[in-house]
Amino acid sequence: MGRLLAACLRRQLLLAVRRPVEVVNPLVFFLLVVMLFPLGIGPDPRQLTEFAPAVLWIVALLATLLAVEGMFRGDFDDGTLEQLVLAPQPLFLPALTYVFAHWLLTGLPLTLLSPLFALMLQLPGKAIGTLMLSLLLGTAVLSLIGGIGAALTVGLKRGGILISLLIIPFYVPVLIFGSAAVQFAAAGNSAQPQLLVLGGMLSLAVALAPFAIAAGLRISVDAG
Amino acid sequence: MWTWFHKFGSPPWLYSIAGSILRWLVPITVILLAVGAVWGLLYAPPDFRQGNSYRIMFVHVPASVVALAGYYVMATAGAVSLIWRMKMADIALRSCAPIGAMLTFLGLLSGAVWGKPTWGTWWVWDARVTSMLVLFFLYVGIIALYEAFDNEELAGKACAVLSLVGTVNIPIIYKSVDWWYSLHQPASIKFTEDSTMDGSMLRPLLLMIVAFYCLFASSLLLYMRSEILRRESSTNWVRKLVLAKAGQGSANAV
Amino acid sequence: MHPVRKQRLLIVCFIVVFSSVAAGLVTYGLRGNINLFFPPSEIVAGKAPIGQNIRLGGMVVDGSLKRSTDSLRVEFEVTDNRATVGVVYEGILPDLFGEGQGVVAAGKLDESGVLQATEVLAKHDENYMPPEVIEAMKEYQEAES
């Protein structure tokens, strides 16, 4: 079992490294949209500071949403997924490696680059640590939930906007607590409760999402 | 012991039993709705603070309550479909979604109509309204996912999975939105606090809630019957049914 | 162990472990006052952080309102009938604000236990009652006193 998981993970990362454009695209998107907000709102630093936590979190959410669509597509198209579904091992653990690889390639880079965007939006320095921690936990949850949507729609011809429609309602709690954590930190209050709740969400998502993803993958492989 | 349960898996049986239930359920629904509406809209006393504009509550609250309950009915059908691989459960799920979506929409619309004279605004981002909006999108998502699949059986399975994911998330979403709302709106105006209601208003409200539940049940059964006919249109029992009805029709015409 | 049962056991353990961790984290996280909303008695008891944005809720004490003559600065006291906290605010008070009415003030506590408010909102009550019942209640209260 362990060898299967390691092999899966290695494969995902290798494929991604061979096409770095797919990893960089969400990050460029993040940067572009972050740039749009001051252009829309105005350059006044006080206004930007007020919106910064929400904007950073919403844009991270959208970037993740864009990226989850392709989580299973490559392996679905070339038949690897079918092989995995037919294998005797339980599907939920390999499914988890797909999500983990996806997060390593989108959520983690996003988190590491977030201080840069935070500076552009005038987020107070004391909140940057909380920002990174909230994004670290939150993007993992977003990838897990996104994986469910991706698994259910990978076999469909016109996936596209459907996955956003399906998943965004489930993203709401993550956004609420993630954004609140950064807002609290920016106001000088402790964001520990929010971060703990995010951690709890992550744990619950890890507990349940892999099974929904596995079920979705089986359905999609049957459909495709 | 389980035979009665597995009977639900048989389309002709479900079709006929739904028909017999509807024969008395539909009149009851109509009566309850009529009595409840007249009682609430005309006979219940006016509210001391809101006057007569609060009466929209007799539509808004039942619609919202049944919309939420309907989601759990749908999710239960989804669970049954996945565990027992029952096609009829798929049909139940498929039928619940548009009914639930319409009830949620009615709840939101009536809420907006209520909001304008009471708080001066058509829309407010308070906890319950926002959660209702999210519920609406959950319903729409199920409908959209169903339509996206070419194969009906797989569509049913996918929607069953999605509805179960939603079940886990609804309490989480509600709690989050509730907390978020209390954070940003420090209890200066409690928009949907209705825990202290006088009996003369509570009674017609409860009647309307029961009426809406009946409405949901009758709509569901009607929808399921037409869905069963559509799916089984090439089978013998449906053919016999149609011919019998056609025979009756021509006999009446002649 | 039978391989299928072993798989099912693995699945169940996996779900149980991570769900329990989730429940634990959420419970621990929500144990604190995540809204930073305090009644006066908790502030007097020292449960509220100093120098951080908090919210205070209660009733305005009758006769405690002091308006400054040359600025918008006002002072008043808020009580929950068990303890009282002083509030200082610079700005226009909302229409529904009044002595003996409910109020919520947001701001920072200073060392002396006074809330330096940045926002004051008047609290509003929603009860559905027919006017006759309200009248009857008032009459009953008057008859009592």
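These are my notebook entries on cysteines, salt bridges, a surface patch and recorded regions in a predicted model.

**Ground rules.** I number residues from 1 along each chain as its sequence is written, with chains lettered from A and ligands numbered from 1 in the order in which they are written. Since the model is predicted, local features need pLDDT of at least 70 and side-chain atom pairs count only at pLDDT 80 or more, while totals for chains, interfaces and linings use all residues; side-chain values use heavy atoms, with hydrogens and water left out.

**Cysteines.** I looked for disulfides, taken as pairs of cysteine sulfur atoms within 2.5 Å. A disulfide is a covalent bond between the sulfur atoms of two cysteines. My search of the whole structure found zero over all chains. B:C214 is in no disulfide, and the nearest cysteine sulfur, that of B:C96, is 15 Å away. I then looked up accessibility, where buried means under 20% relative accessible area, exposed over 50%, and partly exposed in between (1.4 Å probe, protein chains only). B:C214 counts as buried because its relative accessibility is 14%. A:C8 is buried too, at 9%.

**Salt bridges.** Side chains of opposite charge can pair when their charged atoms come close. I counted a salt bridge where a side-chain nitrogen of Lys or Arg is within 4 Å of a carboxyl oxygen of Asp or Glu. How many salt bridges are there over all chains? The count comes to 12.

I noted one in chain A, where A:R46 meets A:D44 at 3.7 Å, N to O. A:R46 is exposed at 66% relative accessibility, and A:D44 is partly exposed at 29%.

In chain B, I found B:R231 paired with B:E152 at 3.6 Å, N to O. B:R231 lies in helix α7 (residues 199-231) and B:E152 in helix α6 (residues 152-184) of chain B, so the pair ties together parts that are 79 residues apart in sequence. Helices here are DSSP runs (H or I, at least four residues), and strands are runs of E of at least two, numbered from the N terminus. Is B:R231 buried or exposed? B:R231 is buried, with a relative accessible area of 18%, whereas B:E152 is partly exposed at 30%. Both residues belong to a network of salt bridges that also links B:E227 and B:R230.

In chain C, I recorded C:R73 with C:E75 at 3.0 Å, N to O. C:R73 is partly exposed at 35%, and so is C:E75 at 29%.

**Nonpolar patch.** Patches are made of residues with over 30% relative accessible area and no salt bridge; like charges are joined within 9 Å, and nonpolar side chains (Val, Leu, Ile, Met, Phe, Trp, Tyr) within 5 Å. Areas come from the Shrake-Rupley method with a 1.4 Å probe, and for residues only the protein chains shown count as cover. I found a nonpolar surface patch on chain A with about 860 Å² of accessible area together; its members include A:V24, A:M35, A:L116 and A:M120. Helices α2 (20-41) and α7 (107-120) of chain A each supply at least two residues. The largest share, seven residues, comes from α2(A). A:L116 sits in α7 of chain A and is partly exposed at 46%.

**Recorded regions.** The unreviewed UniProt entry lists several stretches of chain A as "transmembrane region", among them 26-42 and 161-183. UniProt positions follow the numbering used here, feature names are shortened, and annotations may be inferred rather than shown by experiment. Over residues 26-42, I read 94% helix and 0% strand, with the end C-alpha atoms 25 Å apart. Residues 161-183 of chain A are 100% helix and 0% strand, and their end C-alpha atoms are 30 Å apart.
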